[in-house]
Amino acid sequence: MPSNTGIFCRCHCMVVVLCGSNLGSAEDLLPANTEITIAINHYVHQQLVASEVAAVELADDLTLLRRTTLDLGGRVPTPVERDWFISQPASDRRRLLVDRLMQSADFDFHQRNWLDETLLPNHPYNDDFRNYLLTAGQDRRSWDTVFREIMTAAELDGPEKGAGQFLKSRVRQLDDLTNDTAILFFGVNISCAKCHDHPLVPHWKQDHFYGMQAFFQRTYQTRKTSSVAERPFGEVKFANMAGETKTAAFMFLSGEVIADRTPQLTDEERKLLDERVRKLEQDDAEAEVFVPEFRPRDELVTLALHDTKDHFFAKNIINRVWARLLGTGMVNPPDQMHSGNVPSHPQLLEWLTADMVSHGYDLRRLIQGIVLSEAYGRSSRWTSGSEPPSASTFALAQTRPLTPRQLAASLHVVIRSAEQWSAIENTEEWMKQRTDLENLANGWVREFEQPGEYFQVAVDEALFFSNNGRVQDELLRDSDDRLLGQLKKIEVQAQAIEMLWLAVLNRVPHPDELAAATAWLDHVPDKKDESRKQLLWALLAGPEFRFNH
Amino acid sequence: MSHVRSFGTCIPAHHAVSRRGFLSEGAVRAAGAVTVAGCFASDMGQIHALRSEEVASELRNQDKRVILLWLAGGASQFETWDPKPGAKTGGPFRAIQTNATGVHISELLPELSQRMHHTAIIRSLNTKIADHGGGADLVETGRLKDPGILYPDLGAVVARELGRLESKVPDYVSLYTSTEGRRKGTSGFLGARYAPMFLSESMIPLNIARLDAVAEIDHHARAGLREALGRRFAASRRSQTVDSQNSAYQRVQGLMASAELFDITQEPAEVQARYGPTQFGHQCLIARRLIEAGVPFVKVARAWWDSHGQNFETHQELCADLDHSMSVLLDDLEQRGLLKNTLVITLGEFGRTPQINSSLGRDHFASAWSCSLSGLGIRGGVAYGKTDPEGHTVVEGEASAADLFATILAALGIDHKHEYTVGARPVPLADFGSKPILDVLT
């Protein structure tokens, strides 16, 4: 197994230099018609054998029900879904679950939320962008189509008008636009190459940074219509380390350059166009946005999608989807995709890349393949006294914090009584319920931090759960339509406890937990309902509910 | 009452009554209890992941503190620390002699002029970035943003370096101000443990008081129940992120007990009167109460200095508030013996242009501007650095945001070159190449 060593340049960029051996070459890949799940199992297993790491056993079915529902639906399962799952033949439950979830409204909501959190991480929720992403998902648009629509920022009508928000939110910061596009769509951080050629990665030159910047330099936002537009001309100049001034070519990360096909203009024509753009940028007066013949962002999309050498676009999204579902990317950090930072499973990444390109950038296909794999299905428990295997072996499932939306939606799933949920086959009613759930979650997401690198649960969250009136009044309400209301009707403590555990943790309690909970409830027998309320609180605020495991 | 048992929470012993006795010791062990000691063990693990050397306990024992008076929007150096009377860029206000020989400041700061023996002025900041967001990001963290890493701001670094793991009070409090002055601050790669307690809505932190609907005894007991029931899960995951949740809950009771620190009505009327009626004055008083109780870093933001129009009227009003509140704060800290352990910083995201625009305003300017440092570790009565006669450029002692960051850390006795280890990446506390300004340090 390759071992990596980090090296650092003074401007903090990290380079990981491969010290071990690579496992084979692209020519040795499995046949293209291999099922994705089988390919994943093959390559992960091959790596485990080579590195003499033993994988843990698969997680039990109920754990996988919770994990998969959170990952594909963005929430924990309802009691109705749990009953349905248990009623399916054991040999086929997992596949049937994945099929059902991927056809449900939940999948589109959760996929939208993930893309929103990924592409606009530092911006307040933008309804237009969120609506666009949802519509794109419901229409089953491929990832390359979404990329094209976001990059070209076509001002479409209706729910699709938000496609331009990625650019709009960064249009005043050209460096951000350049860096974020490179990081989020291509898995490449070239910010270090702004001031100098990268000292340790021969791949990254100043020409790459400014080459990428050239695609965005002409982008501006109109004042009247808030549209994203492009100037008819403009160039990026920069000083290299020798102090020479250079004009940036339109160069993609692969090194491929497209010719500048800006029409030749007279000084007078340029002056008139300049004035027209100035008015569009600065004046409130009505003015028609004009579309230049040569549009650098369109060219960037073309170059990125025809990058047959490095496949930055395909590999980036594969790596990000993989990291989302397995807790760690094959390339880590996800923005360091370059020749010096070899993936943990290079052949698998190559195979998945070929599969993605040949199947039209279909993210659903990729997601389905991953969640049915052995690596995804492993247990996250590690009870041995020895150190657990490295996350990048995928021998052990990672415990992942819920996103604010997953947490908020899940809270509102478990606090309802079982009767509140529609039958599994009633998709129309479920769509309505799921939409309500999404809207309910909107009001709670700001209470929680978005997980990222270095994530820790904040004390603000602990204070919120401990003392906020909404927790008390909304989550712990015991009206008839709530779980606590349902529990009131159950006199036998053990039954009530089991129902509580199933609803919140999606499993039955262990005997010692049953004993502990019984002791808690019996301790103040005259305050049975209040005690159950506090027991629910203790489970909702506990780690098993807070994490996907 | 006879069944009282402990199961390893950080609840004070006198709270361990009644409901908490529900669990037998055996049941608790079976519930996955690995240890009943070391409330902060997981937190320590997190610390060691970031920094391999031993905890600098000696530094922590010195009770050093910081109050940052954040002048949101960018105060004019001409109307505060670097007046240019008579210059065409100087504006209408005079310079006045301070109680430090040869040091003059704007006449808008008369009270502070008589406390200059506590204060060093730095007049030679050149931080280059003159937009609010970018300037604040730079000045707060002492370095340029890097798309590959989230840097902690000054408050988080100080909380990390000076805060005590066992502390019952917050490490970093950021007091809100009106409208655009609300910047929460960030703990970046240090994680949420060092994130500010941010007062965004009122003078009292959110969710710090127990609801009446939850009896005190239940509040404590259910927290213990939460921890006990979660142990099995946490024990079978080697995850610092999972452990961080427990650490967060373990701090709840201590933080709730600190709620009274935010209540200035507990101060004698005479003290309240000294600080005056303004919100900024109130918050300076809260800052003093927090510092006194052991909070290592308090940020008080005063907005909105962004005087693109009517710069001089704006500064007349805002400087009066700053002058009085900061003077009372310095006096109060000194009288209580706290100033020798407390560094008071006045700083914004940038200064303002020498040119006076057609609206009698000054615009954003980051090429030659000023800040002040008072108290702990600071050589009072010093005006460091120099700008040209009209204030366009720094002509002597140019200092970057990183240099200022290094200077502040040096005043606190923290090695600015010390490196955190983030993943496999070394990150020095102050940016590469930064140098403390020795002339302003004792």
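# A tour from one strand pair outward

Begin in chain B by selecting I345(B) together with L373(B), which is the bridge partner of I345(B) in β11(B). Bear in mind throughout that the model on the screen is predicted. Widen the selection to β8 (residues 342–347) and β11 (residues 369–375) of chain B, and you have two strands that run antiparallel and are joined by four bridges. With both strands still displayed, add helix α13 (residues 401–411) of chain B, which lies across β8 and β11 and also across β4 (119–125) of chain B, running at about 160° to β8(B).

**The whole sheet**

Next, show every strand to which this pair belongs: the order is β6-β5-β7-β1-β8-β11-β4-β12 in chain B, an open sheet of eight strands with mixed pairing. Look then at the two edges, where β6 (197–199) and β12 (382–384) of chain B each have a single partner strand, so that one side of each is left without a neighbour in the sheet. On average, and with direction ignored, neighbouring strands of this sheet are turned by 15° against each other.

**Strand β7 of chain B**

Now select β7 (residues 297–302) of chain B, a strand that is mostly covered, with six of its six residues buried. If you display the side chains, F297(B), K299(B) and A301(B) point one way from the strand, while V298(B), V300(B) and R302(B) point the other way, and all are buried. The charged names in that selection, K299(B) and R302(B), are thus buried along with the others.

To see the partners of this strand, add β1 (residues 65–71) of chain B, which pairs with β7(B) in the parallel sense over six bridges; here I67(B) has V298(B) as its bridge partner. Then add β5 (residues 172–175) of chain B, which also pairs with β7(B) in the parallel sense, over four bridges, and in which Y172(B) has F297(B) as its bridge partner.

**Where chain B touches chain A**

Bring both chains into view and select the contact between them, to which chain B gives 50 residues and chain A gives 53 residues. On the side of chain B, the elements that give two or more residues are α1 (25–30), α7 (216–235), α8 (240–250), α9 (252–257) and β16 (425–428). Of these, α7(B) deserves its own selection, since the largest share of that side, nine residues, comes from α7(B). Coloured by class, the side of chain B that touches chain A has 28 nonpolar, 11 polar and 11 charged residues.

**The domains of chain A**

Move to chain A and colour it by the domain assignment, which gives domain 1 (24–103 + 311–401), domain 2 (172–305) and domain 3 (404–548). The C-alpha centres of domain 1 and domain 3 of chain A lie 29 Å apart, and their contact takes 18 residues from domain 1 and 19 residues from domain 3. On the domain 1 side, select α2 (61–73), α3 (79–87) and β9 (400–401) of chain A, the elements that give two or more residues to it.

**Helix α22 of chain A**

Finish with helix α22 (residues 493–505) of chain A, whose 13 residues reach 17 Å from the first C-alpha to the last, close to the 18 Å expected. Its buried residues are A496(A), I497(A), L500(A), W501(A), A503(A), V504(A) and L505(A). What covers them includes α3, α17 (404–414), α21 (483–488), α23 (511–523), α24 (528–540) and α25 (543–546) of chain A. As a last selection, take N506(A), which follows α22(A) and has a positive phi, near 65°.

Conventions
Residues are numbered from 1 along each chain as its sequence is written. Chains are lettered from A and ligands numbered from 1 in the order in which they are written. This is a predicted model: local features need pLDDT of at least 70, side-chain atom pairs count only at pLDDT 80 or more; totals for chains, interfaces and linings use all residues. Two residues are in contact if their C-beta atoms, placed from the backbone, lie within 7 Å. Ala, Val, Leu, Ile, Met, Phe, Trp, Tyr, Cys and Pro count as nonpolar, Asp, Glu, Lys and Arg as charged, and the others, Gly among them, as polar. Two strands pair if DSSP finds at least two bridges between them. Axes are lines fitted to C-alpha atoms, for helices over the stretch in contact, and angles run from 0 to 180 degrees between N-to-C directions. Domain bounds come from an automatic or database domain assignment. A residue is buried if 20 or more other C-beta atoms lie within 10 Å of its own, exposed if 12 or fewer, and partly exposed in between; C-beta atoms are placed from the backbone. The expected span of a helix is 1.5 Å times one less than its number of residues.
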